[in-house]
Amino acid sequence: MSAAPSDGASQDVRAAVLEVLQTFNKTGTTLGDGTRFTEDLNFDSLLVMEFIAALEDRLDISVPLNVLPDIETVGQLVVATTQIVREEHG
Amino acid sequence: MADLFDRFESLRARRDGLVGDGGHDPFQVEMDEVLSQTEAMIGGRHTILAGTNNYLGLTFAPESLKAAHDALDAEGTGTTGSRVANGTYSGHKALEYALSDFLGKDHAIVFSTGYLANLSVLSTLVGADDYILMDADCHASIYDGVRMGDAQIIRFKHNDAADLDKRLARLAKKPGNKLIVIEGIYSMLGDKAPLDEIVAVKKKYEDVYLLSDEAHSLGVLGRYGRGLPEEMGLEDDVDFIVGTFSKSVGTVGGFCVSSHPQFDLLRLACRPYIFTASLPPSVVASAKASLALVESGGALRKRLMRNAEHLHKGLSALGFTLGGDVSPVVAVVAPEVEIGVAFWRGLMDGGVYVNLALPPATPQNFTLLRCSLCAAHTIEQIDRIIEVFAGVAESLDMLPAQSGKKAALG
């Protein structure tokens with residue numbers, strides 16, 4: 001997946017992702033596009049599900065489970081969710 | 001050198017941390033001798049079974065035993081083949097007719113387990129342009145089934161029809177079929193789906209189908225045991241019903257029924273149906289005999305619910321936190337995993353077997369001492385279960401509520 005786009009919509013999504021992610025950040029990691037969910041944040045499958053559910057609530061979207069295996073970093077999640085926001089609210 | 005099993009290191013560490021001290025291992029229980037539907041010898045101890053899915057107690061029904069014996073003697077120990085090759089005997093077809101007749105649908109397909117029924121149907125029924133909307137608390141077989149398929153998988157909040165509505169609304173402009181997947185009774189906490197609300201949401205949109213997994217509710221709910229759709233008078237609104245023979249029906253196997261005119265095409269498309277050996281004739285015969293007993297089992301259902309109410313009331317009175325309303329699954333919530341394991345071992349020492357259920361297999365990360373009841377339990381057995389729960393709580397210094405202190409368990 002390519003680097004995160006930097007237009008207005010994706011900036012809003014990035015801010016929302018970081019805001020929700022901060023509540024799941026138990027390792028005190030400084031969060032950025034390069035932050036990896038498994039290696040840096042110690043996310044297991046259960047935590048991923050809880051985080052995605054919280055993000056869905058925050059952005060009022062549905063994130064299909066299908067997209068998750070390809071997402072390793074915050075930047076990749078921002079790209080994927082920006083696209084979903086555009087599709088569902090665009 | 002890297003070892004192939006290094007990837008299981010965290011699993012090994014978790015197991016050893018929880019049960020590596022040589023005490024009773026909740027995941028390696030061995031029944032030395034099964035004495036009845038409700039009792040077994042485990043580790044030399046006479047034990048009450050309160051953690052089976054034998055809701056109606058049909059595992060020793062004389063009619064089912066006889067049917068199984070007869071089929072075993074007449075047709076042998078196994079079919080040695082798939083349903084689409086040499087593994088469909090007249091008994092398999094007779095069981096499918098009995099199922100479609102019982103559940104009031106035009107078609108039925110029998111699979112070799114309930115797990116395979118969900119793998120088969122959910123991986124095949126919907127394709128890449130379609131959407132699955134599944135309750136977040138659905139069973140692992142549903143998660144595995146949808147992951148095997150190509151549809152977009154969307155979870156909605158457990159038992160939350162408004163959340164489902166919101167998600168369907170966002171998909172309304174998109175082409176493709178939508179399949180809602182729920183369960184009649186959810187296995188861990190024993191809570192029922194709000195089927196009326198879900199059906200109402202379904203009817204607001206085009207191209208939406210509803211599948212209900214009645215694994216834990218078949219035989220349990222409804223006057224004739226046809227599950228939650230029967231109990232709520234909504235059988236015509238459920239397009240696909242999946243179920244299992246390994247709970248109320250007392251043997252093993254799975255099925256799906258539907259009135260869709262093309263339903264039989266799934267036999268040629270479902271890989272877990274095509275590439276698995278079919279059920280042995282004895283299993284098929286006992287399933288068919290037990291299905292008749294399920295339908296006529298009103299008295300068994302009354303006993304089951306009486307037992308459920310008795311256990312629910314008794315454990316509530318002791319101050320335990322229970323996972324849901326009265327149902328044949330009575331789940332006691334433990335505050336943490338270690339206490340759950342210690343409590344489970346205390347119950348085993350007291351001669352009571354329940355299921356210990358741990359995250360991530362549980363909703364809300366609960367640690368659960370999951371009791372499930374059987375119509376064949378006596379009130380005396382249930383009183384004994386309650387007594388052992390009270391004793392273990394006391395020995396672990398979790399004083400019951402009537403002492404005036406807050407119950408520590410929950």
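## Helix α1 of chain A

Two residues are taken to be in contact when their C-beta atoms, placed from the backbone, lie within 7 Å. In that sense, the buried residues of α1(A) pack against α2 (45–59) and α3 of chain A. The model described here is a predicted one, and everything that follows should be read with that in mind.

Helix α1 of chain A covers residues 8–22, and because each of its 15 residues should add 1.5 Å, a span of 21 Å is expected, which agrees with the 21 Å that separates its end C-alpha atoms. The buried residues of this helix are A:S10, A:V13, A:R14, A:V17 and A:L21. Viewed down the axis of α1(A), these buried residues fall within an arc of 105°, so they line one face of the helix. The face turned away from that buried side carries the exposed residues A:G8, A:A15 and A:Q22.

## A position in helix α3 of chain A

Helix α3 of chain A runs over residues 74–89, and A:A80 has its place in it. Is A:A80 buried, exposed or partly exposed? It has 19 C-beta neighbours inside 10 Å, and because a residue counts as buried only with 20 or more, A:A80 is classed as partly exposed.

Leaving out residues up to four places away in sequence, A:A80 touches A:V67 and A:I71. The C-alpha atom of A:A80 is also separated by 9.8 Å from that of A:D70, a residue 10 places away along the chain.

## The two domains of chain B

Chain B is divided into domain 1, made up of 8–56 + 298–403, and domain 2, which is 60–295. The C-alpha centres of these two domains of chain B lie 28 Å apart, and the contact between them takes 22 residues from domain 1 and 19 residues from domain 2.

On the side of domain 1 of chain B that touches domain 2, the elements giving two or more residues are α11 (298–317), β11 (329–334) and β14 (367–372) of chain B. Sorted by class, that side of domain 1 has 10 nonpolar, nine polar and three charged residues.

## Nonpolar cores

In soluble globular proteins, nonpolar side chains tend to be buried together. The largest nonpolar core in this model has 119 residues, and those with the most contacts inside it are B:I132, B:I180 and B:V181. Helix α10 of chain B, residues 281–295, gives the most to this core, with eight residues. Domain 1 and domain 2 of chain B both give residues to this core, so it lies between them.

Once neighbours within four places in sequence are left aside, the contacts of B:I132 are B:V126, B:V146, B:A151, B:I153, B:I154, B:L179 and B:V181. Apart from the core of 119 residues lies another core, of 14 residues, among them A:L21, A:F51, A:I71 and A:L77.

## Helix α5 of chain B

In helix α5 of chain B, which spans residues 140–148, the buried residues are B:S141, B:I142, B:G145 and B:V146. They cover an arc of only 125° around the axis, which puts them on the same side of α5(B). These buried residues of α5(B) pack against α4 (114–124), β5 (131–135), β6 (152–156), β7 (178–183) and β8 (208–213) of chain B.

## Where the chains meet

Seven residues of chain A are in contact with eight residues of chain B. By class, the side of chain A that touches chain B has three nonpolar, three polar and one charged residues.

Note on methods. Residues numbered from 1 in each chain as written. Chains lettered and ligands numbered in written order. Predicted model: local features only at pLDDT ≥ 70, side-chain atom pairs only at ≥ 80, totals over all residues. Helix = DSSP H or I, 4+ residues; strand = E, 2+ residues; numbered from the N terminus. Buried ≥ 20, exposed ≤ 12 C-beta atoms within 10 Å, placed from the backbone. Domains from an automatic or database assignment. Nonpolar A, V, L, I, M, F, W, Y, C, P; charged D, E, K, R; others polar. Expected span 1.5 Å × (residues − 1). Arc of directions from axis to C-beta. Core = buried A, V, L, I, M, F, W, Y, C linked by C-beta atoms within 7 Å.
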